[in-house]
Amino acid sequence: MKAMYADAGKIFAELVEIDSPSLKEKKMAGHIREMFLGLGVELTEDDSAKVTGSDAGNLYGCVKGGKEGKPILLSAHMDTVMPACGKKAVFGENGEVRSDGTTVLGADDLAGVTAIYEAVKYLKENHIAHYDIELLFTTGEEIYGRGAKAFDCGRLRADRAYVLDLSGRIGDAAYAAPSILSFTACMEGKAAHAGFCPEEGANAIAAASRAIAVLRQGRIDEDTTANIGMISGGKGINIVSPECVVRGEVRSLKHEKAVEFLGEYRETFENAAEESGVRLRWEESVDIRAYETGLDSRAVTEYRKAAEKAGIEPMLVKTFGGSDENVYFQHGIEGIVMATSMNCVHSCEEYTNIHEIVSVTEILIHLLCGEEE
């Protein structure tokens, strides 16, 4: 695999140097299209940009393989979190790659893009029969799967998906992920001078604090977490605060449980508002919906076989992070999210390893070829 290792390092470094923060994926999309066109694979760009607000659409393509059976969907996302501009791949010992410390590296999800490209390249160059492959590279994944949500999943013929977008040990794959519900609670009080006539006001910050003080946060149970992440308000230290805005989220591997728990949050804020003489303005949204792929499903059983053929121990796990698979599952496509050599993601300490990316590529090759190789 020496040739594959050298090529994977080159491809990954080229991708890293392209700025592609969420909703600014145009250059990345153009580069990925050219990469695959060099393999004889045409990727088309959809019209999702008018919905997502990105400067590019999702990229979709199909690679014919000659084996009978439904296609397999491989997916990765093109965007990276900030700070994402001016990235550089700094190679160290034993295949390790980091950024220069001033930006993220972008292994989330460029390691996934690289592994998919290398797998298709290997099959093409060696004329190996495989299942048809559907390729989908999405925009805005870091914004709760915005690109995948805007994609016309009716175009997909695959009934199983492998999304390359998970941190952790190579061989790990997530078969379940949570619903993520976000909320904004705006307490609307009444301003008054804090020194001369505080009794004439209604303090929105105090009302919000009353709710926050009794809300359950952190890990609620094995399925559910909740967090208040942002709070703002006030006009001045000598003014009874007329407004306070609280934002947070609830995650649960059980969608109904997430909805129920968010209802508890809303009721708590409503009670605090009434007791404090302020008005509550409440907004909530379902950002992504939970999925759980059966451990006896073909998506899982074929993954286990492929990993073992590659000499890697498969491990099926649950994750509390969302991905595009949350979207695909809602359209009847069972799948898992594969660990892809992305570590310390969403930080400037992010790193990957080219040897591991090659291992992921090997798993993909075995998946795509099936029993007969």
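Start with helices H8 and H10, which are oblique to each other. The model on screen is a predicted one.

**Stop 1: H8 and H10**

Select residues 298–309 for helix H8 and residues 354–369 for helix H10. Their axes come within 8 Å and cross at roughly 125 degrees. An angle between 115 and 145 degrees falls in the oblique class, so the pair is called oblique. The crossing of H8 past H10 is right-handed.

Now show side chains. From H8, pick Glu302, Tyr303, Ala306, Ala307 and Lys309; from H10, pick Ile363, His366 and Leu367. These are the residues through which H8 and H10 meet. Sorted by type, the contact of H8 with H10 has five nonpolar residues, one polar and two charged.

**Stop 2: H2 and H4**

Go next to helix H2 (26–37) and helix H4 (residues 107–125). Here the axes lie 11 Å apart and the packing angle is about 15 degrees. That angle is under 35 degrees, so H2 counts as roughly parallel to H4. H2 and H4 also make a right-handed crossing.

On the H2 side, select Met28, Ile32, Met35 and Phe36. On the H4 side, select Leu110, Val113, Ile116, Tyr117 and Val120. How many nonpolar, polar and charged residues does the contact of H2 with H4 hold? The division is nine nonpolar, no polar and no charged.

**Stop 3: Asp7**

Keep H4 in view and select Asp7, which lies in helix H1. Is Asp7 buried or exposed? With a relative accessibility of 16%, Asp7 counts as buried. Setting aside neighbours within four places in sequence, Asp7 is in contact with Tyr117, Glu118 and Lys121. Tyr117 has already appeared, as one of the H4 residues in the contact with H2.

**Stop 4: aromatic rings**

A pair of aromatic rings is described by the distance of the centres and the angle of the planes. The whole structure contains nine aromatic pairs. Two of them are worth selecting here.

The pair of Phe183 and Trp282 is stacked, with 5.2 Å from centre to centre and 5 degrees between the planes. Phe183 belongs to strand S9 (residues 179–188) and Trp282 to strand S13 (residues 279–288), so this pair ties together parts that are 99 residues apart in sequence. Both Phe183 and Trp282 are buried. Add Phe261, Tyr265 and Phe269 to the selection: with Phe183 and Trp282 they form one aromatic cluster.

Then select Tyr291 and Phe329. The ring centres of Tyr291 and Phe329 are 5.7 Å apart and the planes stand at 40 degrees, so this pair is tilted. Tyr291 is in strand S14 (residues 291–292) and Phe329 in helix H9 (residues 325–330), and the pair links parts of the chain 38 residues apart. Colour the two by accessibility: Tyr291 is buried, with a relative accessible area of 2%, whereas Phe329 counts as partly exposed at 23% relative accessibility.

**Stop 5: backbone exceptions**

Most residues other than glycine have a negative phi, and most peptide bonds are trans. The next selections depart from that.

- Met82 and Pro83 are joined by a cis peptide bond, with omega about 0 degrees. Look for Pro83 in the loop between strand S3 (72–77) and strand S4 (90–91).
- Asp108 and Asp109 are also joined by a cis peptide bond, with omega about 20 degrees. Asp109 is in helix H4.
- Leu23 is not a glycine, yet its phi is positive, near 75 degrees. Find Leu23 in the loop between helix H1 (2–16) and helix H2 (26–37). Leu23 counts as buried at 17% relative accessibility.
- Ser341 has a positive phi of about 65 degrees. Its place is the loop between strand S16 (334–339) and strand S17 (351–353). At 0% relative accessibility, Ser341 counts as buried.

**Stop 6: the whole chain**

Clear the selection and zoom out. The chain has 10 helices and 17 strands. Along the principal axes, the C-alpha atoms fill a box of roughly 85 × 45 × 40 Å. Of the 373 residues, 54% count as buried. Taking contacts between residues at least 6 apart in sequence, 79% join residues at least 24 apart.

Methods:
Residues numbered from 1 in each chain as written. Predicted model: local features only at pLDDT ≥ 70, side-chain atom pairs only at ≥ 80, totals over all residues. Heavy atoms only, no water. Axes fitted to C-alpha atoms, helices over the stretch in contact; angles between N-to-C directions. Helix = DSSP H or I, 4+ residues; strand = E, 2+ residues; numbered from the N terminus. Parallel < 35°, antiparallel > 145°, perpendicular 65-115°, else oblique. Left-handed = near helix turned anticlockwise from the far one by under 90°. Contact = heavy atoms within 4.5 Å. Nonpolar A, V, L, I, M, F, W, Y, C, P; charged D, E, K, R; others polar. Phe/Tyr/Trp six-rings, centres within 6.5 Å; stacked < 30°, edge-to-face > 60°. Buried < 20%, exposed > 50% of the residue type's maximum accessible area, 1.4 Å probe, protein only.
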